[in-house]
Amino acid sequence: MAVAHEHPDPVPETSPIAVYPPHYPLPVAGTGDGADGAGPAGELLPADVPASTLPAAAEAVGNRNPYLAYLDSLDSAESRTTMKGCLDRIARLLLGDDVHGIDPKTGEKDPAARTGLGFPWHVLRAEHTIFIRARLDEQVIRDPKTGEERPWSHTYRNKHLTALRQVITWAWRLGLSTAEEHVRAADVRPFKGTREPAGEHIEPERVGALLDACDAHLDAPEPDEARRAELRQAALRDAAMIEVLYSTGVRRAELARLALRDYDPVRRSLHVRGKGNKERRVFLTHSAAARLADWLAERGREPGGLFPPFTPRPQRIRRRAGGRIDHLTGQTISHMLTERAEQAKTARPTAHDFRRTVIGELLNAGVDLATAQALAGHASPVTTARYDRRDEDVRRAAVDRLSPPPTKART
């Protein structure tokens, strides 16, 4: 296979990898003019290949690029996007760029920011991964509104270490590094720590306000009949999604993947495919089942996504090239929640807020931990237990028993 011996962009002399020349060059993509039909020597893949085309790009280089091979091995497009971001940030860290790809001149995201696609992952050794871990420990995230900085969470940093270990492992699997180099480089300690589960508890009144915002569009005083029908269609779909989130606590990606065949109206249940392709069954409240029935009367019983996206005006249920009803994306669900919260004049919830609320309410209601774990789709009961608010209530009640310090009467 024709090979390239250099990164497409010069590695800064200040980078910790500059003094370690590659022992094994990266493969290249091309048109078949090389000695083995792979492509002209020295021609690297373009650095702006989107995550959605990574499998095809990996095939183009014979799966010998560890970055592409690792991302291609992941089960879902969402996982590929997440771990691609981790590898891109690590590559920029080592190349001396802004970790987040921000242009220092404009302060905005640089569309031409370097990625990890052409980075020589196969040259990384133990000294590099030690350096990377130390730099990850220093990273902070800045609140765009307040300017306040806070360190990355240990789970977020560990996600980057997972991506790093995996790409190093793939470099070894592809014959680009030795077993000894692989073991030493991948032996990097994880970050330790504890965090409260992400998200906040959603009061029933807030959920009711979101549903009221949807219901207000069922018979909106809109003079245009077509527009009135569009508002009604979106209101039925969005109200059903909100009720499903509030009764099941499914993850955002799980909700987006639901198909019509996954719903069993007799059992009031949904067949959910979660992380790691693990399947489980969750159940709807009577209220959620009623909302879903109203939406299905509008949607129809054609196969495809349970909650499909809509086309731009004229608004219709969007279909794929073959005519099958399409699925939503997780981002569309987030946009829906933002829009309904603005209409309801209430704080915007996330899909994970619903998840935290459902798990917490189940545990508060006395549901045993194993059942709550099964409904949530957690791999470990330890994760589910972190959502238990009962200890917090006990501690608060204990503090309330303390006598306040004596002070002079306020005037």
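**A tour of strand β6 and helix α8**

In the hairpin formed by β6 and β7, five residues lie between the strands, and Gly276 adopts a positive phi near 65°. The model on display is predicted, and this turn is the starting point of the tour.

**The strands around β6**

Select β7, residues 279–283, together with β6; the two strands pair in the antiparallel sense over five bridges. To check the register, display Ser269 and look across to β7, where its bridge partner is Phe283.

Next, move to the other neighbour of β6. Strand β5, residues 263–264, also pairs with β6 in the antiparallel sense, here over two bridges. Highlight Tyr263, which stands opposite Leu270 in β6. Four residues separate β5 from β6 in their hairpin, and Arg268 in that turn has a positive phi of about 55°.

Now isolate β6 itself, residues 269–273, and colour it by accessibility. Is the strand enclosed or exposed? Five of its five residues are buried, so β6 is largely enclosed by the rest of the structure. In a regular strand, side chains alternate between the two faces of the sheet. For β6, select Ser269, His271 and Arg273 on one side, then Leu270 and Val272 on the other: all are buried, and both faces are covered.

**Helix α8 against α11**

Leave the strands and select helix α8, residues 225–248, with helix α11, residues 330–344. Two packed helices are described by the angle between their axes and the distance between the axes. The axes of α8 and α11 come within 11 Å and cross at roughly 100°, which means that α8 is roughly perpendicular to α11. Show side chains at the crossing: α8 contributes Ala234, Ala235, Asp238, Met241, Ile242 and Leu245, while α11 contributes Ile333, Met336, Leu337 and Arg340. By class, this contact comprises eight nonpolar, no polar and two charged residues.

**Helix α8 against α12**

Keep α8 displayed and add helix α12, residues 351–364. Here the axes come within 7 Å and cross at roughly 40°, so α8 is oblique to α12. Which residues of α8 meet α12? They are Ile242, Leu245, Tyr246, Ser247 and Thr248, and their counterparts in α12 are Ala351, Phe354, Thr357 and Val358. The contact of α8 with α12 has six nonpolar, three polar and no charged residues.

As a final selection, pick Ile242 and Leu245: both take part in the contact with α11 and in that with α12.

Key:
Residues are numbered from 1 along each chain as its sequence is written. This is a predicted model: local features need pLDDT of at least 70, side-chain atom pairs count only at pLDDT 80 or more; totals for chains, interfaces and linings use all residues. Side-chain values use heavy atoms; hydrogens and water are left out. Axes are lines fitted to C-alpha atoms, for helices over the stretch in contact, and angles run from 0 to 180 degrees between N-to-C directions. Angles under 35 degrees count as roughly parallel, over 145 as roughly antiparallel, 65 to 115 as roughly perpendicular and the rest as oblique. Contact means heavy atoms within 4.5 Å. Ala, Val, Leu, Ile, Met, Phe, Trp, Tyr, Cys and Pro count as nonpolar, Asp, Glu, Lys and Arg as charged, and the others, Gly among them, as polar. Buried means under 20% relative accessible area, exposed over 50%, partly exposed in between (1.4 Å probe, protein chains only). Two strands pair if DSSP finds at least two bridges between them.
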